[in-house]
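Please consider the following protein chain together with its three-dimensional model. The paragraphs below lead from strand pairing through the nonpolar cores to individual residues.

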Amino acid sequence: MTIELIVIGKTDSKEIAALVELYARRVNHYCRFAVTSLPDVRNTKNMTVRQQRTAEGEAILRQLADGDYVTLLDERGEEYRSVEFALWLQKRLNSGVKRLVLVIGGPYGFSDEVYARANGRLSLSRMTFSHQIVRAIFAEQIYRAFTILNNEPYHHE
């Protein structure tokens, strides 16, 4: 299986980008893992929130194939402890999905079309995090999930 993390915009922080890269390399020991950064929507000052979500949504939908299992990181998504998330990931691995696509949207969430296309939603917390730091946190959680599934001494219960 391939796991692809799709994000909107570049990471301004070299430190955060380095963390994402570190965990991406680690996850690649278990499966193919890629991070795809889509460009920020331009001229947002002249756009409504809905128009911005629609433009971002169109860019996201262009990245998706018919057989992809798409999960959105969304504040209204399902919350899991790390072990529970590892089991969620194991179910996706066992289901025969060829590509698991995890999407971190822009600051205003997702368009209705992206919500309609998604197979599910995950939430990291009820707290709000910057979209940049979420990339590093979520990449680490994917790595942690694989170490849990492989009984490696990274996660402590």
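**Strands, cores and selected residues**

Within the strand pairing, Leu72 lies opposite Val103, a residue of S4. The model discussed here is a predicted one. Leu72 also stands opposite Arg121, which belongs to S5. The pairings behind these two positions both involve strand S3, which spans residues 69–79. S3 and S4 run parallel and are joined by 5 bridges. Strand S5, residues 120–123, likewise pairs with S3 in the parallel sense, over 5 bridges. A helix enters the arrangement as well: S3, H3 and S4 together make a β-α-β unit that is right-handed.

From the strands, the reader may turn to the interior. As a general matter, nonpolar side chains in soluble globular proteins tend to be buried together. Which residues touch the most other members of the largest nonpolar core? In this core of 25 residues they are Ile3, Leu102, Phe138 and Ile142. At least two core residues come from each of strand S1 (2–8), helix H1 (14–27), helix H3 (82–94), strand S4 (99–104) and helix H5 (131–149). The greatest contribution is that of H5, which gives 8 residues. Phe138 illustrates the packing: when residues up to four places away in sequence are not counted, Phe138 touches Leu5, Leu73, Phe85, Leu102, Leu122 and Leu124. A second core, separate from this one, has 14 residues, among them Ile6, Ala59, Val101 and Phe110.

Val27 offers another view of the interior. This residue is placed in helix H1 and has a relative accessibility of 0%, so Val27 counts as buried. Beyond residues up to four places away in sequence, Val27 touches Phe33, Ala139, Ile142, Tyr143 and Phe146. The chain also brings Val27 and Thr147 to a C-alpha to C-alpha distance of 9.3 Å, although 120 residues separate them in sequence.

The aromatic residues come next. Over the whole structure, a search finds 7 aromatic pairs. In one of them, the rings of Tyr30 and Tyr143 have centres 6.3 Å apart, and the pair is tilted because the planes meet at 50 degrees. Which distant parts of the chain does this pair link? Tyr30 is in the loop between H1 and S2, whereas Tyr143 is in helix H5, 113 residues apart. The two partners may also be described by their accessibility. Tyr30 is partly exposed, since its relative accessibility is 26%, while Tyr143, with a relative accessible area of 12%, is buried. A further pair consists of Phe110 and Tyr115, with ring centres 5.7 Å apart; its planes stand at 80 degrees, so this pair is edge-to-face. Phe110 is buried at 5% relative accessibility, and Tyr115 is buried with a relative accessible area of 18%. In addition, one aromatic cluster is formed by Tyr23, Tyr30, Tyr143, Phe146 and Tyr154.

Two residues with polar side chains deserve separate attention. Thr36 belongs to strand S2, residues 32–38. Is Thr36 buried or exposed? Its relative accessible area is 18%, and Thr36 is therefore buried, as the limit for that class is under 20%. The side chain of Thr36 makes a polar contact of 2.3 Å with the side chain of Glu4. With neighbours within four places in sequence left aside, Thr36 is in contact with Glu4, Leu5, Ile6, Val7 and Gln63.

The other residue is Gln132, which lies in helix H5. At 19% relative accessibility, Gln132 counts as buried because the class covers values under 20%. Which residues does Gln132 touch, not counting those up to four places away in sequence? The partners are Lys10, Thr11, Asp12, Ser13 and Ile16.

The last stop is in the segment after H5, where Asn151 is found. Most residues other than glycine have a negative phi. Asn151 is not a glycine, yet has a positive phi of about 55 degrees. Asn151 is also exposed, as its relative accessible area is 73%.

Definitions and conventions:
Residues numbered from 1 in each chain as written. Predicted model: local features only at pLDDT ≥ 70, side-chain atom pairs only at ≥ 80, totals over all residues. Heavy atoms only, no water. Helix = DSSP H or I, 4+ residues; strand = E, 2+ residues; numbered from the N terminus. Buried < 20%, exposed > 50% of the residue type's maximum accessible area, 1.4 Å probe, protein only. Polar contact = N/O pair within 3.5 Å; in protein donor to acceptor, adjacent residues only side chain to side chain. Contact = heavy atoms within 4.5 Å. Core = buried A, V, L, I, M, F, W, Y, C linked by side-chain atoms within 4.5 Å. Pairing = 2+ DSSP bridges. Right-handed = clockwise from strand over helix to strand, strands pointing away. Phe/Tyr/Trp six-rings, centres within 6.5 Å; stacked < 30°, edge-to-face > 60°.
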